[in-house]
Amino acid sequence: MNTSVSKPSLLYLSLIGLAALAYAVVDAFIHRAGGTNLGSYVPWGMGVVMYLLFVGFSAGGLLISALTQVFGFKDLKPLGGLATYAALVAEVCAGIAIASDLGRFERMFNFVFSPSLTSPMFWMFLFFTSVLIVSFLKAWAFAKMDDAVVSFWSWVSIPVGLCFYFTNGFFFSVLTGHGLWSGPVIPVMFVTAALLCGGALVCALAWWSKADRIAVTRLSRVVFWLMVLFASLEGLWLWIGWQGGRAETVAALKNLASGPGAWTFWGLHVVLGLAVPLLLLPQAKDNPGLAAWACLLILIGFAGARWAFVVPAQSVAMLPGLEKAWQHPRLMLTYLPSLAEWSLAAGVSGLALFGFVMGPKVFPSLYGSGPQTHQAS
Amino acid sequence: MSGSLPMEDPLVRMYRELKRALAKDQSQVKWAMVIDQAKCIGCHACAVACASENRLGPGVVYRPVMEEETGTYPNVGRRFLPRPCMQCENPPCVSVCPVTATWKNAQGVTVIDYTRCIGCRYCLAACPYGARCSDFGGFYTSRTPQEPGLIQGRYAARAYEQQNAPEYAKSWGQRGKGSPVGNARKCHFCLHRLEVGQLPSCVTSCVGRATYFGDRTDPGSLVSELMGSPRAHTLKAELGTRPNVHYLA
Ligand code: SF4
Ligand code: SF4
């Protein structure tokens, strides 16, 4: 089941993704948000979905730092460099996804020149930048093989990372007009989701880059328990929304469960991304290959989870009849991404794949002191 | 005056009160609007007048008029609800803006700086009334046929569409070339008209005389009077946004 990191087909696939990214970026420069199928009643779509997805993927660095520094999982240390590199790649992808979603991305400097401390988005930007800088410095220390500096930046990355993933949830939880997004469970759920996705990504990458197989299986057990925690929190979130009985929240939940995009939630997320890995991971104690495939399913499933979180919540009018009062495609409650948005999704995924395929070749020092040749059974 | 003579048109009274308000220290003035649902005939004239006044592009609307059917046959009725920005006293749209591009001005109107907005649309998601739009660009005439000499096609109409939006009494870039495309946009009580002593466009165009506007700190104003009516209420009052647009049920 193992594959070589230099497998040309993955590289070609990533190059197709990069071509799609080029198209999406050019479109964003020409049409800005006008190239999307977004509107005023569904203002967030594929760009935000991809941002949240890749932000989650970037949490592997935080997870490994926390496990090695705080919880004493010394056998996960060989994965530190890889996790930091994966975090950097995922953060860059997340940044591209969200920047191209802005109507006026050329004014992003206003985050610095006229910041608003009351805005969760400002704090998200601040911690996003901090995580990027800390990850870069940590990766530098890994490349220099300076254990003391690695340890220092690993400690720093823990509170910074936790704040970042928390602010991503906080960002949504303050939107009280959207019953499905608001509430205190969301920030906790986001932190857990990020740790789960980040851990799953590191686990999968570690196996494909032939890293320490013991570390892979050990990490997969952590991923399993994170998944149990996440599934419980997600269940709680949905249950609270349903039990609360607020008409808008219930309508959004019905859209999530049986609307046109319901397959992303049930098929991609619940079945492929949760149920199957929950069955596979306990059987992967001595089988890092199986653990890696289960983790890959978690990652794919999270695309569905993010879609189900972002889009159905916006399918309910803020006031009854609003969508019929002035009719225009930009004033509707339904949303399907445009070609440019699909290209962006394929593009950032291609960029990530390119980064992960090229990583062991370009930054061998981040991938440990040379691959270990344990094969999966 | 005899009761059989026509009453003074509320527009005349509101213009008189506007003059009084503009003579005051402007930081003491607080604008408010009252909409009488019993008088609204659902003609959408205010929505169209607003779109024309503010050069709103495709998919941008500041004051849609919602329609609601009530009762069951044969006892049925229709109710209309024009929905401008509520100019909330406690606006959730302001606190979420990451770059302080939107705030409440001295007269209580929530405004947007079109040169600062990054187009993140966070304020759109935060507004519980759906009162903000994002301007995604484009022209109404995008698919209009062009047949020189036969019909007045795309280019003739686009010259009108490209005119500057007069909002906030500033000269914004031509549509398609500069602001406010890419930004969040919303109703601002026609501040540019108030500045020169004119009532908001939706008020003057209201066929049913269902929209009233004025200074709520002036106890003698029509809006102050109507806000005290037992019929007066605000939308989604439970959210604590404290709207400055009141409805008479
Ligand atoms: S109605 Fe919406 S846009 Fe207007 S002030 Fe209130 S929250 Fe802001
Ligand atoms: S769209 Fe503009 S006004 Fe609205 S929150 Fe973003 S930057 Fe602020």
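**Ligand shells, sheets and helix packing in a two-chain model**

Of the 14 residues found around ligand 1, those that come nearest are B:Cys85, B:Met86, B:Cys88, B:Cys93 and B:Cys127. The structure is a predicted model, and what follows should be read that way. Sorted by class, the shell around ligand 1 has 10 nonpolar residues, along with two polar and two charged ones. Ligand 2 also sits among residues of chain B, and its surroundings include the cysteines B:Cys97, B:Cys117, B:Cys120 and B:Cys123. Two arginines, B:Arg121 and B:Arg132, are part of that shell too, as are B:Pro98, B:Val99, B:Ile118, B:Gly119 and B:Ala184. The class count for ligand 2 comes to eight nonpolar, one polar and two charged residues.

Chain B also holds an open sheet, built from four strands in the order 8-1-10-9 with mixed pairing. Strand 8 (211-215) and strand 9 (232-233) of chain B are the edge strands, each with a single partner, so one side of each has no neighbour in the sheet. At one of these edges, strand 9 of chain B pairs with strand 10 (residues 245-248) of chain B in the antiparallel sense, over two bridges. One bridge there links B:His233 to B:Tyr247 of strand 10. As for the other edge, helix 1 (residues 10-23) of chain B lies across strand 1 (31-36) and strand 8 of chain B, and runs at about 20° to strand 8 of chain B.

Elsewhere in chain B there is a hairpin, made by strand 2 and strand 3 of chain B with two residues between them. Strand 2 (residues 65-72) and strand 3 (residues 75-82) of chain B run antiparallel and are joined by eight bridges. Among the paired residues, B:Met66 has B:Leu81 in strand 3 of chain B as its bridge partner. The loop between strand 2 and strand 3 of chain B is where B:Pro74 sits, and the peptide bond that leads from B:Tyr73 into B:Pro74 is cis, with omega near 10°. For context, most peptide bonds are trans.

Turning to chain A, two helix pairs are worth a look. Helix 6 (residues 120-144) and helix 7 (residues 147-173) of chain A pack at an angle of about 155°, their axes 8 Å apart. Since angles over 145 degrees count as roughly antiparallel, that is the label for helix 6 and helix 7 of chain A. The crossing of helix 6 of chain A with helix 7 of chain A is left-handed, and their contact has 20 nonpolar, six polar and one charged residues.

In the second pair, helix 9 (residues 213-244) and helix 11 (residues 262-280) of chain A pack at about 145°, with axes 10 Å apart. Helix 9 of chain A and helix 11 of chain A also cross in a left-handed sense. Helix 9 of chain A brings A:Phe224, A:Met227, A:Val228, A:Phe230, A:Ala231, A:Glu234 and A:Leu238 to the contact, and helix 11 of chain A meets them with A:Phe265, A:His269, A:Gly273, A:Leu274, A:Pro277 and A:Leu278. By class, this contact of helix 9 with helix 11 of chain A divides into 10 nonpolar, two polar and one charged residues.

Chain A has a backbone oddity as well: phi of A:Arg32 is near 50°, a positive value in a residue other than glycine. A:Arg32 lies in the loop between helix 1 (8-31) and helix 2 (46-57) of chain A. Most residues other than glycine have a negative phi.

Notes:
Residues numbered from 1 in each chain as written. Chains lettered and ligands numbered in written order. Predicted model: local features only at pLDDT ≥ 70, side-chain atom pairs only at ≥ 80, totals over all residues. Heavy atoms only, no water. Axes fitted to C-alpha atoms, helices over the stretch in contact; angles between N-to-C directions. Left-handed = near helix turned anticlockwise from the far one by under 90°. Contact = heavy atoms within 4.5 Å. Nonpolar A, V, L, I, M, F, W, Y, C, P; charged D, E, K, R; others polar. Parallel < 35°, antiparallel > 145°, perpendicular 65-115°, else oblique. Near = heavy atom within 4 Å. Pairing = 2+ DSSP bridges.
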